[in-house]
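Colleague: I've got a protein on my bench and a model on my screen. Could you walk me through what I'm looking at?

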Amino acid sequence: MNKSIAKIREEFAGAEESGWADLYERYSSDERAGVKILIEKYRKKEEALEKERIRLAQMRTYEEQYGECKFICGIDEAGRGPLAGPVVAAAVILPKDCEILYLNDSKKLTPAKREALFDEIMEKAVSVGVGMGSPARIDQINILQATYEAMREAVSKLEVTPDLLLNDAVTIPELMIPQVPIIKGDAKSVSIAAASIVAKVTRDRLMVQYDEILPEYGFAQHKGYGSREHIEALKRLGPSPIHRSTFIKNFSNHMVNKRETGAFYERRAAEYLKKLGYEIAELNYRCRTGEIDIVAKDGNYMVFCEVKYRKDGQKGSPLEAVDTRKQQMIFRCAMHYVTERHLTGVPCRFDVIGIEGTEVTYIKDAFSG
């Protein structure tokens, strides 16, 4: 009795690529149309994989040319052109025998394919480093210098020191490691292609997080680039704290004031606390003695949280910015809140959240009443 086509299909689906030839031979005499179609499907799949491996071999030309180097690192960036958000650089070292099918310039891949390849790269890579240049830093030193800084940061975060850098088109200043700039390198080198995917996916995910805090700009859709919808929102609302002021002079006459910037980072800190499982009771609570940025519940504790945003170049920890006078103001305001809400006897805690660029520092029990 012939095995059912469904069972044969399961055999093919469960077999490794190396086992397909045995299955072709086993079922070559089966005259059923369904079996013939199934075999033809896998033969075409095999041919496509062979073509893909030939393409990937061509993308290993530079890696093979410098094969005497133990650790070859690809470097690329994402986000040099947008009106908002950081520029992100990635440094990726792949094993010499690593095969990641369909690895390519991130711009040639669908978002779903980039996400899948990102996970595979992170799993298989020898090491991955990521660096960022914030919008404030871009405005301060220009996009090219901020990109170089992000690239140097990415290299510094690698767990091993590379012997050679393969860069997409640029030579990075202030690095002592030998470098090879390759024009359109993300389409010519597997190492650079991997870096382009890591940089792009990392930045896209960050812009989706910003969209949760500032949904009116549509960052999740356009990722900060100058789409028609983005420019219309910019003209209507003015710039957000993550817009690059040097990039948007032609699109907005608004200025971001200190209160708008503070409110943005307070919302971001609140989202951070929510992800930790806190319940946000109030943002920017004000009373006659002062104000508290965030009031939250952490289990049985009432948490009174001060948020400090530090621009690039500012020194010192977030806690250092909350001096004794500020602490006393927060304590008096917290006592007012507790009395007003009839929470006398509930344990309280005073925390500080510091935000510098894209980094968040959370200090629990930062000071005592």
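Modeller: Sure, ask away, and keep in mind that this is a predicted model.

Colleague: Let's start with the whole chain: how does the radius of gyration compare with what the globule rule gives?

Modeller: The chain has 12 helices and 10 strands. For 369 residues the globule rule gives 21 Å, and the chain is well over that, so it is more spread out than a compact globule. Its C-alpha trace spans about 90 × 55 × 40 Å along the principal axes. The radius of gyration itself is 27 Å.

Colleague: And what share of the residues counts as buried?

Modeller: Let's begin at the surface: the chain exposes about 19200 Å², with carbon and sulfur atoms supplying 50% of that. Now for the inside: "buried" takes a relative accessible area under 20%. Of the 369 residues, the share that passes is 45%.

Colleague: I can see a sheet of five strands; which of them stand at the edges, and why is one side of each left without a neighbour?

Modeller: The sheet is open, with mixed pairing, and its order reads E3-E2-E1-E4-E5. A strand with a single partner has one side left without a neighbour in the sheet, so look at the two ends of that order. Those edge strands are E3 (127–133) and E5 (179–182).

Colleague: Which residue is the bridge partner of Cys73 in E2?

Modeller: E1 covers residues 72–78 and E2 covers 87–93, and the two pair in the antiparallel sense. Six bridges hold that pairing. Across from Cys73, the partner in E2 is Ile93.

Colleague: Which helix packs on that sheet?

Modeller: Look for a helix that touches E1, E2, E3 and strand E4 (164–168). Its direction makes about 35° with that of E2. It spans residues 143–156, and its label is H7.

Colleague: At what angle do H5 and H8 cross?

Modeller: Two packed helices are described by the distance between their axes and the angle between them. Here H5 (residues 111–124) and H8 (residues 190–213) have axes that come within 9 Å. The contact includes Leu117, Phe118 and Ile121 from H5, meeting residues of H8 that include Ile197, Val198 and Val201. The crossing is left-handed, at roughly 115°.

Colleague: Lys223 has a positive phi; is Lys223 buried or exposed?

Modeller: Lys223 isn't a glycine, yet its phi is about 60°. You'll find it in the loop between H9 (219–222) and H10 (228–237). The relative accessible area of Lys223 is 16%, and the cut-off is under 20%, so Lys223 is buried.

Colleague: His342 has a positive phi too; what is its relative accessibility?

Modeller: The phi of His342 is about 60°, and again this is not a glycine. His342 lies in the loop between H12 (324–340) and E9 (348–356). Exposed means over 50%, and His342 counts as exposed at 73%.

Colleague: Last one: which residue takes a positive phi in the hairpin of E7 and E8?

Modeller: E7 (residues 290–298) and E8 (residues 301–309) run antiparallel, joined by five bridges, and Val295 stands opposite Phe304. E8 also joins E9, this time in parallel, through eight bridges. Back at the hairpin, two residues sit between E7 and E8. The residue with a positive phi, near 65°, is Gly299.

Methods. Residues numbered from 1 in each chain as written. Predicted model: local features only at pLDDT ≥ 70, side-chain atom pairs only at ≥ 80, totals over all residues. Heavy atoms only, no water. Pairing = 2+ DSSP bridges. Helix = DSSP H or I, 4+ residues; strand = E, 2+ residues; numbered from the N terminus. Contact = heavy atoms within 4.5 Å. Axes fitted to C-alpha atoms, helices over the stretch in contact; angles between N-to-C directions. Rg over C-alpha atoms; globule rule 2.2 N^0.38 Å. Buried < 20%, exposed > 50% of the residue type's maximum accessible area, 1.4 Å probe, protein only. Areas by Shrake-Rupley, 256 points an atom, 1.4 Å probe, with all protein chains shown as cover. Left-handed = near helix turned anticlockwise from the far one by under 90°.
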